Amino acid sequence: MNDVIDADRLVGLVKDLIRLDSSNPPGGESEVARHLAGVMEDLGARVELISAGDGRDSVVATVAGKDPTRTLAVNGHIDVVPVTGQTWTRDPFTPEVRGDRLYGRGACDMKGGIGAAIEAIRALRDHDSLPSTNVAFHLVADEETGGIFGTQWLMDRGHLAADACLVPEPTGLHVGVAERGALFARITVHGRGGHGSVPDSGVSAVAGAARVVDALHLRDFGVEHPLLGRTTCNVGKISGGAAPNVIAESCVIEVDRRLLPGASRDSAVKELLDVVESLDPPVDIDAEAIVFVEASEIDRAHPVVEWIDQIARSVRTDSEIVGSMLGSDARFYRNALSIPTVLLGPGDIAQAHTADEWVSLTDLTDAAHIYLRAFQSFR
Ligand SMILES: [Zn+2]
């Protein structure tokens, strides 16, 4: 059935999705959700449109398979990052094909991947063929700002049952098995004020913060992952003090730590506190987590990884098993639901979130071939 992928039909669907602006923030996924609900209904799927509030709609669409006791989920986010502040040379929401590239916001991340997965179902249907198991499309809002109104919303309401999950995020058709997490923390350094003409009469929070920055920025926390490398620590923001002639009473720094699987919010904050508490003389601080996103992974020896890796290499001989530096909704499936989950999708992550975002047409059709084989062979 290799010749059954209809590249024009696939590109047509992705173009339709690009035209429907679902920028997040602010987040307005209803139009895309309704469009996809219609597409999936036409394909005979059982479709539920689930609203997480004004304009925040997701779709769960289940295509019946030969073995209805097993389900392969496909999680694709239907929101895109805003184009605000980016210099595009074309209209981001008027898709355009040039050579092997389809341009438009979301072409790469990740309306292209969603379109390729749906094309694989269409190809099966053209031949009156069913997938080997049920295929449940979780087409979700709000991935770009954390998933509260998307994947997490569906998870908390019991919509995400599956035996394995495929996430068509852009991986260049490599198999993504691990991703880093992140902690953004705010550290407030406390001082004791006084007159700037007698600087040793108080304790300068600015001077304390300088020592904290020196201790944390580029800090190596001593752990390493074979696919994700080492953790990172960036001090990205600082503000403090009142005036040149006042000993600073307070200075605030904000830190971005990227984390490996196994790190919790508490352990990641505690590691920061441990570093600061080891300073001599001591610096008086408070630390709080502003944002925390769990890292996640699936064992690369897991049968689901072997299965999808073989299929990927049968279409693209250069496909490898990789880790990603960015997070995705895969973490909800892997961590909270213990559903074996892999990323595999068309497009290069370097194109995601950029001006003049594009996806390769070759990647799109190769992805559809991979998904077709996956839907035919999942057990
Ligand atoms: Zn994405």
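**Entry 1: Domains**

I began with the division of the protein, which gives domain 1 (2–179 + 295–377) and domain 2 (181–293). I note here that the model is a predicted one. I then looked up the spacing of the two parts: taken over C-alpha atoms, the centres of domain 1 and domain 2 are 38 Å apart. For the contact, I found 13 residues from domain 1 and nine residues from domain 2.

I turned next to the area that the two domains cover. Domain 1 and domain 2 bury about 810 Å² between them, and 66% of this area is on carbon and sulfur atoms. Which residues of domain 1 lose the most area to domain 2? I found Ala295, Glu297 and Met325, which together make up 49% of what the domain 1 side buries. I also looked for salt bridges between domain 1 and domain 2, and the count is zero.

**Entry 2: Aromatic pairs**

I looked up ring pairs and recorded three aromatic pairs in the structure. I examined the pair of phenylalanine 137 and phenylalanine 375, whose ring centres are 6.3 Å apart. The planes of these two rings stand at 70°, which is over the 60 degrees required, so I entered the pair as edge-to-face.

Where do the two partners lie? Phenylalanine 137 is in strand S6 (residues 133–140), whereas phenylalanine 375 is in helix H9 (residues 361–377). The pair therefore ties together parts that are 238 residues apart in sequence.

I then checked whether these rings are buried or exposed. Phenylalanine 137 has a relative accessibility of 1% and counts as buried, because the limit for that class is under 20%. Phenylalanine 375 is likewise buried, with a relative accessible area of 1%. I also noted that ring pairs join Phe137, Tyr371 and Phe375 into a cluster.

**Entry 3: Charges over rings**

I searched for charged side chains placed over aromatic rings. The charged end of arginine 101 sits over the ring of tryptophan 358, at 3.7 Å from the ring centre. I recorded a further case at arginine 157, whose charged end sits over the ring of tryptophan 153, 3.5 Å from its centre.

**Entry 4: Cis peptide bonds**

I looked up peptide bonds in the cis form. Proline 25 and proline 26 are joined by a cis peptide bond with omega of about 5°. I placed proline 26 in the loop between helix H1 (7–19) and helix H2 (30–42).

I also entered the bond from aspartate 109 to methionine 110, which is cis with omega near -10°. Methionine 110 belongs to helix H3 (residues 107–126).

**Entry 5: Positive phi at two aspartates**

I examined backbone angles in residues other than glycine. Aspartate 128 is not a glycine, yet its phi is positive, at about 50°. I located aspartate 128 in the loop between H3 and S6. Is aspartate 128 buried or exposed? I entered aspartate 128 as exposed because its relative accessibility of 75% lies over the 50% limit.

I found a positive phi at aspartate 142 as well, near 65°. Aspartate 142 has its place in the loop between S6 and helix H4 (151–156). With a relative accessible area of 2%, under the limit of 20%, aspartate 142 is therefore buried. I closed the entry with the two results side by side: aspartate 128 is exposed, whereas aspartate 142 is buried.

How values were computed: Residues are numbered from 1 along each chain as its sequence is written. This is a predicted model: local features need pLDDT of at least 70, side-chain atom pairs count only at pLDDT 80 or more; totals for chains, interfaces and linings use all residues. Side-chain values use heavy atoms; hydrogens and water are left out. Rings of Phe, Tyr and Trp (its six-membered ring) pair if their centres lie within 6.5 Å; planes under 30 degrees apart count as stacked, over 60 as edge-to-face and the rest as tilted. Helices (H or I, at least four residues) and strands (E, at least two) are DSSP runs, numbered from the N terminus. Buried means under 20% relative accessible area, exposed over 50%, partly exposed in between (1.4 Å probe, protein chains only). A charge sits over a ring if NZ of Lys or CZ of Arg is within 6 Å of the ring centre and within 35 degrees of the ring normal. Domain bounds come from an automatic or database domain assignment. Contact means heavy atoms within 4.5 Å. Buried area is the accessible area (1.4 Å probe) that two parts lose on being put together, summed over both. A salt bridge is a side-chain nitrogen of Lys or Arg within 4 Å of a carboxyl oxygen of Asp or Glu.
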